[in-house]
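Here is a short set of exercises to work through with the model open beside you. Try each task before reading its solution.

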Amino acid sequence: MVREPLTQTQIERGRLLGGLLRSARADRTMVDVARQAGISVETLRKIEGGRIPTPAFFTVAAIAAALDLSLDDLLRRVDDAAAAPVSA
């Protein structure tokens, strides 16, 4: 099975998702959130940094639960940020 390369839009949405999760984490440590979500700190670091632009659904759901975010709200925020005009 050959995996299709990600589009620039998918990569950008991954960066937006990572930024939103990082922002929602606020003053909590990566270790605390990763432990509560049941994932490694390195996985959380890569998602927040946009280096995993298409993380698994259940991973995102676990992080969102650890941060007390609804998936609906998270999706809306990613969509809103993706639709916002880019400032130069």
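**Exercise 1.** What span should the 18 residues of helix 1 (residues 8–25) have at 1.5 Å a residue, and how far apart are its end C-alpha atoms?

Before the solution, a word on the material. This is a predicted model, in which local features need pLDDT of at least 70, side-chain atom pairs count only at pLDDT 80 or more, and totals for chains, interfaces and linings use all residues. Residues are numbered from 1 along each chain as its sequence is written, and side-chain values use heavy atoms, with hydrogens and water left out.

*Solution.* Step one: the expected span of a helix is 1.5 Å times one less than its number of residues, and helices are DSSP runs of H or I with at least four residues, numbered from the N terminus. Step two: for helix 1 this gives 26 Å. Step three: the end C-alpha atoms are 26 Å apart, which agrees.

**Exercise 2.** Find which residues of helix 1 are buried, and what they pack against.

*Solution.* Step one: call a residue buried under 20% relative accessible area, exposed over 50%, and partly exposed in between (1.4 Å probe, protein chains only). Step two: in helix 1 the buried residues are G14, L16, L17, G18, L20, L21 and R25. Step three: with contact taken as heavy atoms within 4.5 Å, the buried residues of helix 1 pack against helix 2, helix 3 (41–48), helix 4 and helix 5.

**Exercise 3.** Which helix 3 residue meets the side chain of R25 in a salt bridge?

*Solution.* Step one: look for a side-chain nitrogen of Lys or Arg within 4 Å of a carboxyl oxygen of Asp or Glu. Step two: R25 pairs with E48 at 2.7 Å, N to O. This bridge links distant parts of the chain, since E48 lies in helix 3 and R25 in helix 1, 23 residues apart. Step three: check the accessibility; E48 counts as buried because its value is 3%, and R25 counts as buried at 12%.

**Exercise 4.** Locate A26 and D68, and describe the phi of each.

*Solution.* Step one: A26 sits in the loop between helix 1 and helix 2, while D68 is in the loop between helix 4 and helix 5. Step two: A26 has a positive phi of about 50° although it is not a glycine; D68, also a residue other than glycine, has a positive phi near 60°. Step three: A26 is exposed, at 56% relative accessible area, and D68 counts as exposed at 71%.

Technical notes: Helices (H or I, at least four residues) and strands (E, at least two) are DSSP runs, numbered from the N terminus.
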